[in-house]
Structures are given as structure tokens and as C-alpha cells.
Amino acid sequence: MTAAPDPSASSSVEGEPSPSARPAAAQQPLYRERLLPGVAGWIVTAVLGSIFGLVLVPLNFTLALVVGAVCIVVAIVLAVLYSPVAEVRDGRFSLGRARIDVSLLGDPAPLTGEEWSLTIGQDFEPLAHHCIRGWVHAGLRIEVLDEEDPTTAWVTSTRRPHDLALAVRSAQQQVAAQQQG
């Protein structure tokens, strides 16, 4: 049995790049969060999946159990697959399928409590890009600085608004340092 090479050790093989020389695309994200449903969402998902099995109980109980179990698994898989991902990686902020360079964004503002409620309620911005999930009670607002972009800001739900804001700021600093250097 051969031992796997230690990834933290520097490379001794010529031509193999060291971890610090890897291309930017191979780097880990600064932040990644999948906006999965809360407890109530998972309960609703399981109940909706089981309803399909319940319909078949008068025909065959065993068939109803199998169909119900399969439908619950399918509903859970769909809930995970269709949950948007907020990610900061390689100088870009991705929110679901939307992406923007962090250099085009202003200073991120973490929002919790009353600030968050106002942002998604009374102070709702129709021109902003929103990714809001009702079961997440905090978020982040980042102004879009690109004058050609009609979108005024990005507003997203997040369970860790301060961590996401820190990741965006770090990515902005990295991009600025690369542009200067």
C-alpha cells in the first residue's frame, strides 16, 4: 500500500506547481452558503411527498408506502437542488445563477432584525436583485456601483451576514491588490 502525498508539503517534483502558485480558478471559495429551507420547510416537503403515497392506500398499502417513500426522497432532493447558493470566489459574487464582479460592488451592509425587516418590506427596492428566503431572518445589501447596470443593489438572505460581508470585502481587497500589482 502506498502512502498518499501530503498536500501541505511543498512539491519536490519539477514542473508541478506549489499550492500558492495554483491558478485562481482552483482556489477554495471565500464564502459558500446554500440557502436550505428551515425546519418547517423540511416538514412541508416531507408531508407533500407523502401525500402521493397516501393517495394509493385504497389500492395497495405496500405500493402506497413505496411510492410515498420515493416521493419524500425526490421532494427532499428537489428542495436541496433548487436552494440557491451564495458564494464568493475568484473575485466574483454568485447568488443563484446571477454573478457579478466584486469590483463593481460597494461596501456590503449586514442586516439583521428591524433593519432586515425594513429592507425586505417598507424599503423594498424594485430595481435591486433579490434572493430572499422567508425562513432566513438576516441578510446583506450591497450597492451596485456600475453606472451601466440598471440594478441598484444586491439583496440576499443569509444566515451569516457578517461572514458574507467579510468575504466580499476580502475579495474586493484581493482584486484591488491584483490590479495594482
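Biologist: With which side chain does the side chain of Thr158 make a polar contact?

Modeller: In this predicted model, Thr158 is found in the loop between S8 and H4, and its neighbours beyond four places in sequence include Glu33, Leu35, Val136 and Ala138. Besides a contact to the backbone, in which a polar atom of the Thr158 side chain lies 3.2 Å from the backbone nitrogen of Arg160, there is a polar contact at 2.9 Å between side chains, and the partner of Thr158 in that contact is Tyr31.

Biologist: Does Thr158 count as buried or exposed?

Modeller: The residues that Thr158 touches, leaving aside those up to four places away in sequence, include Gly139, Leu140 and Leu164. The cut-off for burial is under 20% relative accessible area. Thr158 has a relative accessibility of 0%, and therefore counts as buried.

Biologist: Which residues have the most contacts inside the largest nonpolar core?

Modeller: As a general matter, nonpolar side chains in soluble globular proteins tend to be buried together. Here the largest such core has 20 residues, with S2 (85–89), S3 (92–95), S7 and H4 (161–180) each supplying at least two of them. Leu164 touches Tyr31, Val88, Phe93, Leu140, Thr156 and Thr158 when residues up to four places away in sequence are not counted. The residues with the most contacts inside the core are Val88, Phe93 and Leu164.

Biologist: Which element supplies the largest share of this core?

Modeller: The contributors of at least two residues each are S2, S3, S7 and H4. Apart from this core lies another one, of five residues, among them Trp116, Ala128, Ala153 and Val155. In the 20-residue core, the largest share amounts to six residues and comes from H4.

Biologist: Which strands stand at the edges of the open sheet?

Modeller: Four strands form this sheet in the order S5-S7-S8-S6, with mixed pairing, and the twist from one strand to the next averages 15 degrees. S7 pairs in the antiparallel sense with S5 (residues 109–112) over four bridges, and also in the antiparallel sense with S8 (residues 153–157) over five bridges. Two strands have a single partner strand each, so that one side of each is left without a neighbour in the sheet, and these are S5 and S6.

Biologist: In which sense do S6 and S8 run, parallel or antiparallel?

Modeller: In general, strands of a sheet pair through backbone hydrogen bonds in either sense. Within this sheet, His129 stands opposite Trp154 in S8, whereas Thr156 in S8 is the bridge partner of Leu140. Three bridges join S6 to S8, and the two strands run parallel.

Biologist: At about what angle to S5 does helix H3 run?

Modeller: S5 has Ala109 standing opposite Arg141 in S7. Helix H3 (residues 113–120) lies across S5, S7 and S8, and its angle to S5 is about 100 degrees.

Biologist: The backbone oxygen of which residue does the side chain of Gln172 reach?

Modeller: Gln172 has its place in helix H4 and, at 18% relative accessibility, counts as buried. Its contacts, not counting residues up to four places away in sequence, are with Val102, Leu105, Gly106 and Pro108. At 3.0 Å, the side chain of Gln172 reaches the backbone oxygen of Leu105.

Biologist: Which residue has a positive phi although it is not a glycine?

Modeller: The residue is found in the loop between S2 and S3, and at 38% relative accessibility it counts as partly exposed. Its phi is about 55 degrees, and the residue is Asp90.

Biologist: Over which residues does pLDDT stay under 50?

Modeller: The chain averages a pLDDT of 86, with 86% of the residues scoring at least 70. Among the elements, H1 (residues 39–55) has the lowest mean, 90, and S7 (residues 138–143) the highest, 96. Where pLDDT is low, predicted coordinates should not be read in detail. That caution applies to a stretch for which the model has three contacts beyond four places in sequence, namely residues 1–22.

Biologist: How many helices and strands does the chain come to?

Modeller: From the N terminus on, the elements run β-α-α-β-β-β-β-α-β-β-β-α. Of the contacts with a separation of 6 or more, 66% are between residues 24 or more positions apart, and buried residues make up 30% of the 181 residues. The secondary structure comes to four helices and eight strands.

Terms used:
Residues numbered from 1 in each chain as written. Predicted model: local features only at pLDDT ≥ 70, side-chain atom pairs only at ≥ 80, totals over all residues. Heavy atoms only, no water. pLDDT = per-residue confidence, 0-100. Contact = heavy atoms within 4.5 Å. Pairing = 2+ DSSP bridges. Core = buried A, V, L, I, M, F, W, Y, C linked by side-chain atoms within 4.5 Å. Buried < 20%, exposed > 50% of the residue type's maximum accessible area, 1.4 Å probe, protein only. Axes fitted to C-alpha atoms, helices over the stretch in contact; angles between N-to-C directions. Polar contact = N/O pair within 3.5 Å; in protein donor to acceptor, adjacent residues only side chain to side chain.
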